[in-house]
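Dear colleague,

Please find the structure for your records below. A summary of what was found in it follows directly after.

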Amino acid sequence: MKKKTKYTSALFFCIMLFTFEIQAESDTNPEPNNERKKFHIYITPVYLSRYTEYPFRTRPEKKTLTALYGLTNNLYMGISYNRGESQEERGMFAYTAPRNSSGTQEYKKTREGEYFVFKTQYFFGGNFYGSINLGLEKGFKIEEKNFLLFQGNNIQLIPYSKSTIYSDRHFVSAGVGYRKEIFEYFILGTEFEYGVMNSGNTNQHYTFDPSYYNGLPTRYVTDQLILRDRNKPSSEYMFISFYAGIAI
């Protein structure tokens, strides 16, 4: 009885092994109509995102461009890129009272929210895939200068300026998605990601003449005690994207 049970177990093991071998061959040699094109290029026009920390400097997601290359029929690797917001430079002129005084502020900001994401996607069942994403967002700088004061016919230079520097940030996420090739050359898809984003560091630098203010400027004191950007902890985030593109 024990010998029969042993033979039965051995036979069952051989059948299972043979079955797994057939499945492995079918995965590595898919049918022609299951073949995916090598290049997938798509853009994200619609997305939803949520962060656990608030307020938190979020990354821009709209119009993110993604290009992927299929190393195999199931494994794709590539990069996503977002230009972020363009650099900005402007002068603002605000009257406080007619013919009394006015302040002019010079404002400069380098490109904000530019980032790269290295993506790995593996199709595990039909058009469903899992993903791992590693990203880097470039830092940026804001400069503010209050440099002129008009009082009647007098123009006075105000010796005060402030620079705020935001460092680079890293983020990582894992996700699951669905992407399908339609009409031979077009793709539609959606993906859900869950990840962690580093807050980065925020440094502020001030330039002013203490003798002009007879101490510390009011704006400087306000920034230090009330409005100063504090370095926050990392934030978890959830991200759902809807995208469309081409397959070639």
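Please note that this is a predicted model.

Overall architecture

The protein chain contains three helices and 13 strands. Eight of the strands form a closed barrel with antiparallel pairing, in the order β1-β2-β3-β6-β7-β10-β11-β13. Neighbouring strands of this sheet are turned against each other by 25 degrees on average, with direction ignored.

One pairing within the barrel may serve as an illustration. Strand β10, which covers residues 169–182, pairs with β11 in the antiparallel sense over twelve bridges. Within these two strands, G175 stands opposite E193 in β11. In general, strands of a sheet pair through backbone hydrogen bonds, in either a parallel or an antiparallel arrangement.

As for the chain as a whole, 30% of its 248 residues count as buried. Among contacts with a separation of 6 or more, 72% are accounted for by residues 24 or more positions apart. The protein chain exposes about 16,200 Å², of which carbon and sulfur atoms supply 61%.

Salt bridges

Side chains of opposite charge can pair when their charged atoms come close. The structure holds eleven salt bridges, and three of them are described here.

The first to be described is that of K119 and E193, whose side chains meet at 4.0 Å, N to O. K119 lies in strand β6 (residues 115–125) and E193 in strand β11 (residues 186–197), so the salt bridge ties together parts of the chain that are 74 residues apart in sequence. Are these two partners buried or exposed? K119 has a relative accessible area of 6% and is therefore buried, the limit being under 20%. E193 also counts as buried, because its relative accessibility is 5%. This pair does not stand alone: salt bridges that share partners join R59, E61, K119 and E193 into one network.

The next pair is K109 and E88, with the closest N and O atoms 4.0 Å apart. This salt bridge, too, links distant parts of the chain, since K109 is in strand β5 (residues 101–109) and E88 in strand β4 (residues 88–97), 21 residues apart. The partners fall into separate classes of accessibility: K109 counts as buried at 9%, whereas E88 is partly exposed with a relative accessible area of 30%.

The remaining pair to report is E106 and K108, where the closest N and O atoms are 3.4 Å apart. E106 has a relative accessible area of 25% and is partly exposed. K108 is likewise partly exposed, at 29% relative accessibility.

Nonpolar surface patch

Which residues make the nonpolar surface patch of about 940 Å²? The patch is made by F39, Y69, L71, M77, F183, Y185, F186, I246 and I248. Of these, L71 is found in the loop between β2 (64–70) and β3 (75–82). L71 is partly exposed, with a relative accessible area of 46%; this value lies over the 30% that a residue needs in order to belong to a patch, so L71 meets that condition.

In closing, the points that may merit your attention are the closed barrel of eight strands, the network that joins R59, E61, K119 and E193, and the nonpolar surface patch of about 940 Å².

With kind regards

Conventions:
Residues numbered from 1 in each chain as written. Predicted model: local features only at pLDDT ≥ 70, side-chain atom pairs only at ≥ 80, totals over all residues. Heavy atoms only, no water. Helix = DSSP H or I, 4+ residues; strand = E, 2+ residues; numbered from the N terminus. Buried < 20%, exposed > 50% of the residue type's maximum accessible area, 1.4 Å probe, protein only. Contact = heavy atoms within 4.5 Å. Areas by Shrake-Rupley, 256 points an atom, 1.4 Å probe, with all protein chains shown as cover. Pairing = 2+ DSSP bridges. Axes fitted to C-alpha atoms, helices over the stretch in contact; angles between N-to-C directions. Patch = residues over 30% accessible without salt bridge, like charges linked within 9 Å, V, L, I, M, F, W, Y side chains within 5 Å.
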